[in-house]
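Biologist: Please take a close look at the salt bridges of this model, and set them in the context of the fold around them.

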Amino acid sequence: MLPGLLITALLTACIAVLGCWAPRRPRPLALMSFAVGQVVRELPLYPAIWIVLALAFAVINPGLTWADAASVALAGVTISLLAVVAARGAASARALTAEFARFGLAPVRPALRGLIWPFPLPDRSIRRIPDIPYGPDRRQRLDVWTPLSAHARHPVLVFFHGGGYSSGGRRRTSRTLLTRLARDGWVCITADYRLRPAAGLPEHLVDGRAVLAWARQHSAELGARESVVLVGSSAGAHLAALLALGCEKAEAVVGFFGYYGPYWEDPSPRGDPLRLTGGDAPPFLLIDGGQDTYLPPDSSRAFAEALRGGSSHPVLRVVLPGAQHNFDLTGSVRFTAVVDAVRIFLNAVT
């Protein structure tokens, strides 16, 4: 018997099941699916390679037992599950294209290169200017991503990270988006902001407004227009929506797997995007995970409906098949399609 094959088959099978299955209850199992699924759903090729190598070793090893044969069968099932995960990732481009067609936007291109190498490569056509202070606190820092050559004057893109207002950082997510848009000529800013429990909603809003003020103040020297577009993931999408629907003007807003309900213990309208939707909102693109067990997209659905009820601008919402929370961690097949969708959307509405 080959104990390594059995252990590999069992472990990879568990990973594949959590990559396909998205239980909402009990909560510990939902969080386990989130923790494991956010990786395997975006990078199914890597566990598949692992199990294939284990199978290859088993085939060349003589004297397989019935337990080894069962492990081989389990490995076959695992590969089938990972193929389902990969197919769902590839279906993201079709889901985005279907929503875009309703508004006359160009189709989203599938990008299978993300299956092989889903990590950003160094790009000499852009530069990152790190650790720029926009306030006295150590969390009040931002990075600027900008093209080196002359480019069209787009609005400044400001990205706010997720983390439930309690964690996260500007350098951990959406690097594929920032790299690609900077290559296209966009000036991109990704900013930290003060976090709970030391800070609350007033501090988050102050920091968000300070970032936007910095972006507008320095837009000319960076080669951008003075206006801004806002992009955020999870809590960052919540902050972007609050700013855009509050007292800040934005040309467009993009939210990834966002929460759009009330802010923690603050019941006031200033912390609830849903209660700020009465006016004419800017164009919105909301992209959610169809199997998000960490933050089910219920608030996003209600938020999109409220926006459409009062805004003259387009409000697009797409639910990506099989996607978990944090699908922007790598340049996967799914997120590469999302990046292409964001480019199409922003070029159309700004």
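**Salt bridges and their setting**

Modeller: Across the whole structure, a search finds 22 salt bridges (a side-chain nitrogen of Lys or Arg within 4 Å of a carboxyl oxygen of Asp or Glu). The model is predicted, so local features need pLDDT of at least 70 and side-chain atom pairs pLDDT 80 or more, whereas totals for chains, interfaces and linings use all residues. Residues are numbered from 1 along each chain as its sequence is written, and side-chain values use heavy atoms, with hydrogens and water left out.

One of the bridges joins the side chains of Glu42 and Arg334, with 2.5 Å from N to O. Its partners are 292 residues apart: Glu42 belongs to the loop between helix H2 (27-40) and helix H3 (45-60), Arg334 to helix H11 (residues 333-349). Helices (H or I, at least four residues) and strands (E, at least two) are DSSP runs, numbered from the N terminus. Glu42 is buried at 7% relative accessible area, and Arg334 is buried at 2%; buried means under 20%, exposed over 50%, and partly exposed in between, with a 1.4 Å probe and protein chains only.

A second pair, Glu248 and Arg216, meets at 2.9 Å, N to O. Here the loop between H9 and S6 supplies Glu248, and helix H8 (residues 201-222) supplies Arg216, 32 residues away. Glu248 counts as buried at 13% relative accessibility, while Arg216 is partly exposed at 21%.

A third salt bridge, of 3.1 Å from N to O, links Asp288 and Arg317. Asp288 lies in strand S7 and Arg317 in strand S8, 29 residues apart, and both residues are buried.

The strands of this third pair belong to an open sheet of eight strands, ordered S1-S2-S4-S3-S5-S6-S7-S8 with mixed pairing (two strands pair if DSSP finds at least two bridges between them). Strand S1 (126-133) and strand S8 (315-320) stand at the edges with a single partner strand each, so one side of each has no neighbour in the sheet. Within the sheet, strand S5 (residues 228-233) runs parallel to strand S6 (residues 252-256), joined by five bridges; Val231 has Val254 in S6 as its bridge partner.

Salt bridges also form a network, which links Arg128, Asp131, Arg139, Asp143, Arg170, Arg171 and Asp192. As for the wider setting, the protein chain has eleven helices and eight strands, and 54% of its 350 residues are buried.
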